[in-house]
Amino acid sequence: MVRVLTRPPTPRDEFKPITGIIELEIKVAEDSYLFIGSGKKALSFDEKELERLKAVSNLDMIRSFALRLSYDFETFQKIGDNFSIVGSSVKGAVRTRLEFLFKSVNGEVPACFRVYHMERIPPRFLSIWGKVVEETRPPCNYQKEGKVCEICDIFGAPGLQSLVMFTNFISEGNEKKFERVTLITGEKIIGAKPGTTFNGRIIFRNLKDYQLGLVFLAMRIQERKPILMGKFKYRPVKDANGRILKFGRVYFSIMNIQLHIADETTKQLAEDTEEFVKTMVDKAKMKFEKYLRVEFDEVKRVNEIASET
């Protein structure tokens, strides 16, 4: 078992530097679709035929009708009339990636596994993420011990509020950017097409510079490279027409930064988004240099594995 390094958490009952709001855009990669399901599937049937059947008592006709029932397309997540990615889905993807970016050194690591847990590790999953997924890193028990790892301090744990809140990410007025896709397996979905954008915010408080850097590192903002999110992300899939489709590659971009509580140097730095992100990420790399797999690229690994099969 790996020893997870813990410490008392950042106070939650006060507001200190760095506190603010960052407006973000999530963009589906140009070679990828995105599907985050709503879990809602309607039955597809001929309503007129059903009305006719109500007036007769023919068992053969009823059986024939029942055999032709099928599920309609599962829709993408929606909030009101807009296709959306709920904040918990975004937070989960970012947090999970950050957990996997940390590796143990000499039997110690400053990050537990809270989101990730598998009894049996699929070979493909191991091939993509590497040996870190085999590490036994028990989740922090703040309620019992009063201490947490670096990731739980930022994203929260049972009994400990998160310092970072992800709003829902909305794709407003983009109905045409969503496509009905029937997969070769017979599964029917409504997915976001390449280039579809979603807009939302992260609201944070009491973060140290390196903690904000860890969040940026997990979203790959400085690298300008995609992370994986949603369903079907670990392997290409075929649709009913034989097209080979990639899913789940998304980019994060900062649209605006508002720092409400920060020292003057940090506020001035935030006027240059690129330099601000670089400085925060460098702080994180410096603090956790021996533990972070900063060059790790899971999207590249997925593509490499797909090309080998």
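Guide: Let's start with a cut-off: a disulfide is a pair of cysteine sulfur atoms within 2.5 Å. Keep in mind that we're looking at a predicted model.

Visitor: Fine. What makes the sulfur of Cys-152 too far from Cys-112 for a bond?

Guide: The sulfur of Cys-152 has its closest cysteine sulfur in Cys-112, at 3.6 Å. The limit is 2.5 Å, so the pair doesn't count as a disulfide. Over the whole structure the tally of disulfides is 0, and Cys-112 accordingly is in none, with Cys-152 holding the nearest cysteine sulfur.

Visitor: Why is Cys-112 called buried? And what about Cys-152?

Guide: Buried means under 20% relative accessible area. Cys-112 comes out at 0%, so the label fits. Cys-152 also sits at 0% and therefore gets the label too.

Visitor: On to charges. How do you know that Glu-223 and Arg-220 form a salt bridge?

Guide: Their side chains meet at 3.0 Å, N to O. The limit for a Lys or Arg nitrogen and an Asp or Glu carboxyl oxygen is 4 Å, so the pair qualifies. A search of the whole structure turns up 18 salt bridges.

Visitor: Are the two partners, Glu-223 and Arg-220, buried or partly exposed?

Guide: One of each. Arg-220, at 1% relative accessibility, is buried because that falls under 20%. Glu-223 has a relative accessible area of 27%. Partly exposed runs between 20% and 50%, so Glu-223 belongs there.

Visitor: What makes the Arg-224 and Glu-274 pair a link between distant parts of the chain?

Guide: First the bridge itself: the side chains of Arg-224 and Glu-274 meet at 3.2 Å, N to O. As for the link, Arg-224 is in the loop between helix 7 and strand 13, whereas Glu-274 is in helix 9, and 50 residues separate them. Both Arg-224 and Glu-274 are exposed.

Visitor: Where do Lys-278 and Asp-282 lie, and how many residues apart?

Guide: They are both in helix 9, 4 residues apart, which is about one turn of the helix. They form a salt bridge too, with the closest N and O atoms 2.9 Å apart. Lys-278 has a relative accessible area of 37% and Asp-282 one of 29%; each value lies between 20% and 50%, so partly exposed is the right term. There's also a network of salt bridges, linking Arg-7, Arg-12, Glu-150 and Asp-153.

Visitor: How do you know that the buried residues of helix 9 line one face?

Guide: The buried ones are Phe-276, Val-277, Met-280, Val-281 and Ala-284. Looking down the axis of helix 9, they fall within an arc of 120°, so they line one face. The face turned away from that side carries the exposed Glu-274 and Met-286. Helix 7, strand 16 and helix 8 are among what covers the buried residues.

Visitor: How do you know that the length of helix 3 agrees with expectation?

Guide: Helix 3 has 15 residues, which should span 21 Å at 1.5 Å a residue, and its end C-alpha atoms are 21 Å apart, so the two agree. Helix 9, with 15 residues as well, reaches 22 Å, close to the 21 Å expected.

Visitor: And what makes helix 3 largely enclosed?

Guide: A count: 11 of its 15 residues are buried, so the rest of the structure largely encloses helix 3. Among those buried are Arg-95, Arg-97 and Glu-99, along with Val-90 and Leu-98.

Visitor: Why is strand 2 called largely enclosed?

Guide: By the same sort of argument: 8 of the 10 residues of strand 2 are buried, so the rest of the structure largely encloses it. Strand 2 runs antiparallel to strand 16, with 10 bridges joining them. Strand 2 also pairs with strand 12 in the antiparallel sense, over 8 bridges, and there Ile-26 stands opposite Phe-198.

Visitor: Which residue is the bridge partner of Thr-19 in strand 16?

Guide: That's Ile-261. Ile-261 touches Phe-15, Lys-16, Pro-17, Ile-18 and Thr-19, leaving aside residues up to four places away in sequence. With a relative accessible area of 27%, between 20% and 50%, Ile-261 is therefore partly exposed.

Notes: Residues are numbered from 1 along each chain as its sequence is written. This is a predicted model: local features need pLDDT of at least 70, side-chain atom pairs count only at pLDDT 80 or more; totals for chains, interfaces and linings use all residues. Side-chain values use heavy atoms; hydrogens and water are left out. Buried means under 20% relative accessible area, exposed over 50%, partly exposed in between (1.4 Å probe, protein chains only). Helices (H or I, at least four residues) and strands (E, at least two) are DSSP runs, numbered from the N terminus. Two strands pair if DSSP finds at least two bridges between them. Contact means heavy atoms within 4.5 Å. The expected span of a helix is 1.5 Å times one less than its number of residues. The arc is that of the directions from the helix axis to the C-beta atoms.
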